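User: I would like to go through the reasoning behind some of the labels used for this structure. Please set each value against its criterion before drawing a conclusion.

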Amino acid sequence: MSTGESPHPVSEIGLVARDMLKKPSVRERVKNFFSFAKGNKKLMIGGFMLLFIAVVALCAPLIAPYTYNEMRTSETLLEAPSWKHPFGTDNFGRDVFSRVVYGTRVSLGIAILCVGLGTIVGVPIGMLAGYLGGWFDILIMRLSDVIMTIPTILMAVTITAIMGSGLKVVIFALALVYIPGAARLARSMVYSIKEREYVAAAKVIGEPQHRILWRYIFPNCIGPIIVQFTLRLSSAVLAEAGISYLGYGTQPPIPSWGLMLSDSQGYMWQAPILCIFPGLAILVLVLAGNLFGDGLRDLLDPRFKGRFV
Amino acid sequence: MKTKRSEYIRVEHLTTSFKLPHGRRLVAVDDLSFNIYHGEILGVVGESGSGKSVMAKSLLQLVPPPGTIDSGKVFLNGVDILTYSDKEMRSNIRGTEISMIFQEPMSALNPSFSVKWQIEEVLRLHTTLNKQERYERVLDLLRKVSIPDPEKRMKEYPHQFSGGMQQRVLIAIALASSPRLLIADEPTTALDVTVQADIMDFLEGMRQNDGPSILLISHNLNLVTERSDRIMVMYAGRIMEMATSIDLVNNPLHPYTIGLMDSVPDMGKEGQKLTAIPGELPNLAELGNGCVFYSRCSKAMPICEKTKPEPVKVGTEHYCSCHLHQVVPDGGR
Amino acid sequence: METNTPLLQVEDLKIHFPLRRSLWKMVVNEPKKSVKAVDGVSFSIDKGKTLAIVGESGCGKTTLGRSLVGLNTLVGGKILYKGEDISANNAWATNRLRKEIQYIFQNPYASLNPKMTILNTVQRPLEIFSMYDGKHRTERALDILGRTGISPALAFRYPHEFSGGQRQRICIARALAVEPELIIADEPTSALDVSIQCQILDLLMELQRELTLTMLFISHDLGVVDYISDEVIIMYLGHIVEKGNTHAIFKHPAHPYTQALLEALPRRGSSRHQAKLKLEGYISSAIDPPKGCLLHPRCPYAKNICATVPPSMKEVDKDRYVACHFPLGMTVDNRDSDRISFIAKE
């Protein structure tokens, strides 16, 4: 059957219908999505919190009155909160408020980068493992088993020992930690989807393998993958805080919240306020991530039969 | 069939609905009224959305949230059991007076416990039999539902039974405390046709020995007409027609009933011509004020779009909710 | 190709699914076991006809159907399409066959990609086979959707916005988009509501007439099969027990299993007819099927020969075949020969 002429001439309906086709505009679809999401409180609250934190991170220089390593030894050290220094100052005379604000960039940035890298690398590997099966699948799964048995902190410490400490190392170590989890999830999603009838239907109409993976399997996997991503942001923030607290992660003067917590330890009696604010910041970000992730997971419940994502 | 029967359950104006997001309400069962006699098999024919399962669950107050029973009364031997608390339902009604069996026997049985344990559970909860007595009763029940080699098989687990046998086990569990009503919600839909006949033979046979009434719910029109004494045809939460099975088959009055009969193959007849009912099942959240079948009815009249027809007696034990039959015929219509 | 070669011929088709052996069994060298889903099935369909395959669960009908579109691999036997042998796996490597043989799946709620608009779903086959060009493809897709009763205004909607019956129509449109010659419909109405089933059956029959399609209709519902098919094959445990003209078989079944199926069907009426033939027990295992006739453990008419000798397919009437040593209502002329003549008893 070649192009053009057909033994079944296209009927009037077909020609008229094509002119009548109205694709729903992007605006309409976004509107639909929001009205749908509005019902879900966790999602909205978590979403707004994350949005707020993201704005803070992006506009840090505009919000923070000082830079994060401005040491004003001439002024009082370890000052209590005042109008000039809403969160007080630390042992170096640096404005804690500014450090927390700049720290948003560090914590959120590292979290997104690490979990993002882990997901971007892990998901394709997992999908291939799930689709191809056989020895490739076994190999990947055993490799991921190995990586998953190593505790996060230990992994970071080991890599630091090999590669030296610093921001790049933390990111690399955490990304490595998140790859197996993403791969496993993608693999199990592919396993469950590749048996579905619409995948068989795709084969029957002649779809090539790569298209089946990309257009039929992958779009139906991303729901849980996104949920996992958002929930892991919180754990990444905590992990980074922990690693930095131990001294293996971000080095001073970069204002990692974990590092700030660690620094404040020595001044617990003199200025307990120093550990409250970074701690609160961690709490807020983790809470936001969890709320948003939970809400997203509820939204994507099979009840809604795969709408939107 | 018995000539004089006493009424066991009477349902009056039962309405159950589900709360949807954005303040909408889905009415699953709308102003339902019917009765069940002792020892009869009352068949309920309905498709998805007809409200048949929600109705059954409403009788047992087992409607899952966000569903609620909005109004109505369910009289059992004169007492309105819709006023019972959950505790009272559990101790007096569920499993004792009224039992239920479901569509997928494998899902309804607990895979982690032996069949014996699951039947005994009912006896433990609702009887005062001692261990030996319970054992005897379990054996007796398994024999009653024709499970071969009951002493050996009672110790086995659900997955070791075939689909038909699992359903029999479910029936045994349901019968354990001698209920007066057995609700069978699509009991044979998941089973092969030969097994189906077996199970239905058994259920029908129970009547012989002063057995319970059966509320037989199915979408299979032929099955229900073949096995029931009386039949209720439900659509979108309302009863369209209710009659004895003979009457319904020989003299269907409601356009939906007639439409079903015309569109479902019946092997008993030769050279059948089928006519499909046009249209789709209605969206229960967007029902208008008129007859629920209006959009698909070939005999629709202007009044059908505006007002819901009420059930009218059109013959002995024959009721029809249709504007075509609002006048009681004298001498036939 | 001669003009009266059947469109599809299946010869002694076998599809077995091997079972994994435990380590112990491998060490002890126990023989490999497999589920004999389809075990020696032969039939043919002529162009323009509808052949139904009927059986209960586990008889192998879906496995058989799927093997005809390359979704299952054969262990033995041949499939001939228009006289050409397509049994090998590589027959499906190019898409050539897919343009001519299409499939409609059982569950309309699962056979559409939830992430593709229905227009895309129906258009994809046209793109894959480079049929029409650009704009005309959309027109053609809308056209065929319209023919199956789906309005073009719904083109950009997603499957979840449609009811079961509508989804099945979309699946039918997808299958017909490439103008195939043979359609295999696997229980297309089983998952649908009762009042919709007839609509879909009528649609299929109408489209078949319009487009001169040949249809293989798989079902467990004898009533539906009676309505829609010209010829029928009755399957049990991977074998054919009876095949031939639908009405003739349903009126005078020759195989005890067919009789039992018909007897077990609920009839619309006010009282139960007494079943004349009831099968005992339950379906045997497909891993260790019984020797001799597969039905003999359950057949009330079984004799000694049934337990030892598997019955071969014998012609009992013009184009009617039964695999039974004692077909109902017939006396056998000469049991030992393959070409046996039966004398109808009545």
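**Labels and their grounds**

Analyst: In this predicted model, the exposed residues K41(A) and L51(A) sit on the face of α3(A) that is turned away from its buried side.

User: What makes one side of α3(A) the buried side?

Analyst: A residue is counted as buried when 20 or more other C-beta atoms lie within 10 Å of its own, and in α3(A) the buried residues are L43(A), G46(A), L50(A), V56(A) and A57(A). These residues cover an arc of only 165° around the axis, and therefore they lie on the same side of α3(A).

User: How do you know that the span of helix α3 of chain A is close to the expected one?

Analyst: Helix α3(A) covers residues 41-58, which makes 18 residues, and its first and last C-alpha atoms are 25 Å apart, close to the 26 Å expected at 1.5 Å a residue.

User: Why is chain B called as compact as a globular protein of its length?

Analyst: Chain B contains 12 helices and 12 strands. Its radius of gyration is 21 Å, and the globule rule gives 20 Å for 333 residues; the two values are close, so chain B is as compact as a globular protein of that length. The C-alpha atoms of chain B fill a box of roughly 65 × 50 × 40 Å along the principal axes, and buried residues make up 47% of the chain. Among the contacts in chain B with a separation of 6 or more, 63% are between residues 24 or more positions apart.

User: What does the corresponding reasoning give for chain C?

Analyst: Chain C has 10 helices and 14 strands. With a radius of gyration of 22 Å, close to the 20 Å that the globule rule gives for 346 residues, chain C is therefore as compact as a globular protein of that length. The C-alpha trace of chain C spans about 70 × 60 × 45 Å along its principal axes, buried residues make up 50% of its 346 residues, and residues 24 or more positions apart account for 62% of its contacts with a separation of 6 or more.

User: Which strands of the open sheet in chain C are edge strands, and why?

Analyst: The sheet has 4 strands in the order β2-β1-β4-β5, with antiparallel pairing. Its edge strands are β2 (34-45) and β5 (84-85), each of which pairs on one side only. Two strands count as paired if there are at least two bridges between them, and β1 (residues 8-18) of chain C is joined to β2(C) by 9 bridges, with the two strands running antiparallel. One bridge partner in β2(C) is K36(C), which is matched with H16(C).

User: Why is N77(B) called exposed, and why is L237(C) called buried?

Analyst: The exposed label requires 12 or fewer neighbours and the buried label 20 or more. N77(B) has 12 C-beta neighbours inside 10 Å and so counts as exposed, whereas L237(C) has 23 and so counts as buried. N77(B) lies in the loop between β4 and β5 of chain B, and L237(C) in the loop between β9 and β10 of chain C.

User: What makes the backbone at N77(B) and at L237(C) worth noting?

Analyst: Most residues other than glycine have a negative phi. Phi is near 50° for N77(B), a positive value, and L237(C) likewise has a positive phi near 50°.

User: What is the peptide bond from P65(B) to P66(B), cis or trans?

Analyst: That bond is cis, with omega near 10°, and P66(B) is in the loop between α1 and β4 of chain B.

Note on methods
Residues are numbered from 1 along each chain as its sequence is written. Chains are lettered from A and ligands numbered from 1 in the order in which they are written. This is a predicted model: local features need pLDDT of at least 70, side-chain atom pairs count only at pLDDT 80 or more; totals for chains, interfaces and linings use all residues. The radius of gyration is taken over C-alpha atoms; the globule rule is 2.2 Å times the number of residues to the power 0.38. Two residues are in contact if their C-beta atoms, placed from the backbone, lie within 7 Å. The expected span of a helix is 1.5 Å times one less than its number of residues. The arc is that of the directions from the helix axis to the C-beta atoms.
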